[in-house]
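Trainee: Please take me through one part of this model in close detail, starting from a single side chain and working outwards to its surroundings.

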Amino acid sequence: MFIALFLFLVSILLGAWRQYNGLIEAKEPYGVARAWASPIIRISSWIVVAMLSIWSCMIFSSSLQQVLGELIGQFMFGILIAMRWIISMGLGAKQYSKHYNFDELVGKTRIERDQ
């Protein structure tokens with residue numbers, strides 16, 4: 001169960017990193033991380049997130065299937081995959097908003113200094 005939790009957390013964090021870079025790229029194509037510019041990194045990180053998500057959710061749902069029954073265990077697989085996706089999107093968007101709020105604050109202080 002510990003390995004499933006670890007895989008789940010890694011997939012959330014890597015998914016959040018992918019989301020963050022996607023949002024940055026949409027606003028500022030030259031402001032993304034160097035690693036994100038490589039197509040190999042984009043594709044491989046997508047594959048790793050997908051594999052880790054599936055493995056961790058499979059382990060969790062099979063454990064729940066043994067305790068709560070087959071139908072609930074299979075249903076929880078989909079719930080856990082959706083939960084991982086939503087959490088990753090939320091964390092990536094939160095980091096993105098922090099980045100741009102900080103830039104706006106820095107911009108305001110520069111303007112104030114110029115006056």
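Mentor: Let us begin with Arg42, which has a relative accessible area of 26% and is therefore partly exposed, that is, between the limits for buried (under 20%) and exposed (over 50%), found with a 1.4 Å probe and protein chains only. This is a predicted model, in which local features need pLDDT of at least 70, side-chain atom pairs count only at pLDDT 80 or more, and totals for chains, interfaces and linings use all residues. Residues are numbered from 1 along each chain as its sequence is written, and side-chain values use heavy atoms, leaving out hydrogens and water.

The partner of Arg42 is Glu25, with which Arg42 forms a salt bridge whose closest N and O atoms are 2.6 Å apart, the limit being 4 Å from a Lys or Arg side-chain nitrogen to an Asp or Glu carboxyl oxygen. This pair links distant parts of the chain, since Glu25 belongs to helix 1 and Arg42 to helix 3, with their positions 17 residues apart in numbering. A search of the whole structure finds 1 salt bridge. Glu25, at 28% relative accessibility, also counts as partly exposed.

Turning to the helix that carries Glu25, helix 1 covers residues 2-27, and its 26 residues should span 38 Å at 1.5 Å a residue, which agrees with the 38 Å between its end C-alpha atoms. The buried residues of helix 1 include Tyr20, Asn21 and Ile24, along with Leu7, Phe8 and Ile12. On the other side of the pair, helix 3 (residues 39-68) also holds Met51, and Met51 is partly exposed, with a relative accessible area of 40%.

How values were computed
Helix = DSSP H or I, 4+ residues; strand = E, 2+ residues; numbered from the N terminus. Expected span 1.5 Å × (residues − 1).
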